Amino acid sequence: MRSFSQLVFIVCIVYLQKTNSLTCFSCLGITHPRFCKHVDTCDSGEICGLEKLVYPSGETSFNVGCFQSKTCYDNSTKSTVHETCRHCCSTNMCNDNGCGEKGITLSRGPICYHCDGALSMNECKTISICEQNQFCYIEEQFSFGERFYTTRCQYKNVCDAVSGGMPIIGRKRRANKSHFRSSACNRCCSEDLCNTYCWKLNLGVTATTETTGEATTKTKTTSMATTTLKGNPEECSDINFVNQGVYTIYPKGDIRSKRVYCMILNGRKWTVIQRRVDGSVEFERTWNEYKEGFGNVNTEYWLGNEYIHSITTNGPHRVHIILEQNNGTISYADYSIFHVDDESTKYLLNVTGYHGTAGNCLDSNLLGGKSNGMKFSTKDQDNDKSSSNCATDSEGGWWYNDCQLCDLNGDYGRYGPRWYYDLLGVAKTSIMMITKV
């Protein structure tokens, strides 16, 4: 017979497996957590977190988002650059306070998604905090055969007008009563983040609809997988966004979604595949961890070799690498060709066409042991040309040749982010991002 503690453990595991993923505030480098106007859906096992950074100058900034439990509850992280306080919680959008800071006032209306013309509610991550006499509103429309959504806070009188003078809280409008422009549907509701759909019929599940005042039940036979995959973005350049931040992509049409940080630089939309800022995420990982990706998309992470391969197979791509030294100097390396082969080749790297200010660390003919043409190595898969295991020596994973020169994933502060030869050593921060050519 199992002991009581074993039963409790099993019950907890079952509960966690059945619990829906959390939705958390998600912003980097803000002056106060309550000013964050962006949310994100966490991966399984992640919880809402807040990180307070206090710099030697006295300046304070905050990072909020989905944190791994182990990283989140480790409050011992300190460096010569800043002191760190972390706070975690396990309910939706609970990371608006912590570390001694007050959160959003309770004297408010609901928190609502706020997007104009989103092609999918999966890509709408911006939010607004409504006034007390407002509700969450969503309108679905069609244009050139595509469905798109507008979401925002809306006043009660507008919600009532949409339904022909009848309260619409939790109901869709009656099409023959609407005084508004033609649309597939619209709806108001009063709970936080409730404006995610109009008719459930459009989501491929059973829904109750109103036509002439009588309720009828209709079932859409299209599967959720088909509906979800249609038109899904494969990388950040496929997403219609204005503000950089965390978005959801589906590399090569993969049914599995992947959260990623998207940036806009020089008029291009970039998919961030690697970022290091403070050493808060451990980069000494196994082959499978580097394959699938790891870290916190709001702070430090590696997207995953399988996803990088999938994206770079989707047409020609370039890579842009930004490096910041401890003295604040910013340098960059841009390569016009960047491609990672599949796992059967050990994710062989093809990178050429350098220009920039950081130096051609990946493909210089003047450097022995360049990364171009190398297989990826980790502590449990040694594919480099050195007599030792470079991944073990550097405590990271990379396209190692002979354990020197370039290594953005080595042990933070000692071996990485490392970029020879123009920077002559370790940088403070690094960002790798890719985009279609």
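**Figure 1. The whole chain, with its 7 helices and 26 strands.** What you see here is a predicted model. Of the chain's 437 residues, 49% count as buried. Take the contacts with a separation of 6 or more: residues 24 or more positions apart make up 53% of them. As for the outside, the accessible surface is about 20,700 Å², and carbon and sulfur atoms hold 51% of that.

**Figure 2. A look into the largest nonpolar core, a set of 55 residues.** The members that touch the most others are Trp 302, Ile 321, Phe 338, Trp 398 and Trp 419. Another core lies apart from this one, with 23 residues, including Cys 27, Cys 99, Ile 104 and Ile 127. As a bit of background, nonpolar side chains in soluble globular proteins tend to be buried together.

**Figure 3. Zooming in on Trp 302 and its contacts.** Setting aside neighbours within four places in sequence, Trp 302 meets the aromatic residues Phe 283, Tyr 290, Phe 294, Phe 376, Trp 398 and Trp 399. Its other contacts are Ile 273, Gln 274, Gly 293, Ile 308, Asn 409 and Met 432.

**Figure 4. Lys 125, a lysine in a loop.** The loop in question runs between strand S8 (115-118) and strand S9 (127-129). Is Lys 125 buried or exposed? Lys 125 counts as buried, because its relative accessibility is 8%, and the cut-off for buried is under 20%. Leaving out residues up to four places away in sequence, Lys 125 touches Lys 37, His 38, Val 39, Asp 40 and Thr 41, along with Cys 115, Val 246 and Thr 248.

How values were computed: Residues numbered from 1 in each chain as written. Predicted model: local features only at pLDDT ≥ 70, side-chain atom pairs only at ≥ 80, totals over all residues. Heavy atoms only, no water. Core = buried A, V, L, I, M, F, W, Y, C linked by side-chain atoms within 4.5 Å. Buried < 20%, exposed > 50% of the residue type's maximum accessible area, 1.4 Å probe, protein only. Contact = heavy atoms within 4.5 Å. Helix = DSSP H or I, 4+ residues; strand = E, 2+ residues; numbered from the N terminus. Areas by Shrake-Rupley, 256 points an atom, 1.4 Å probe, with all protein chains shown as cover.
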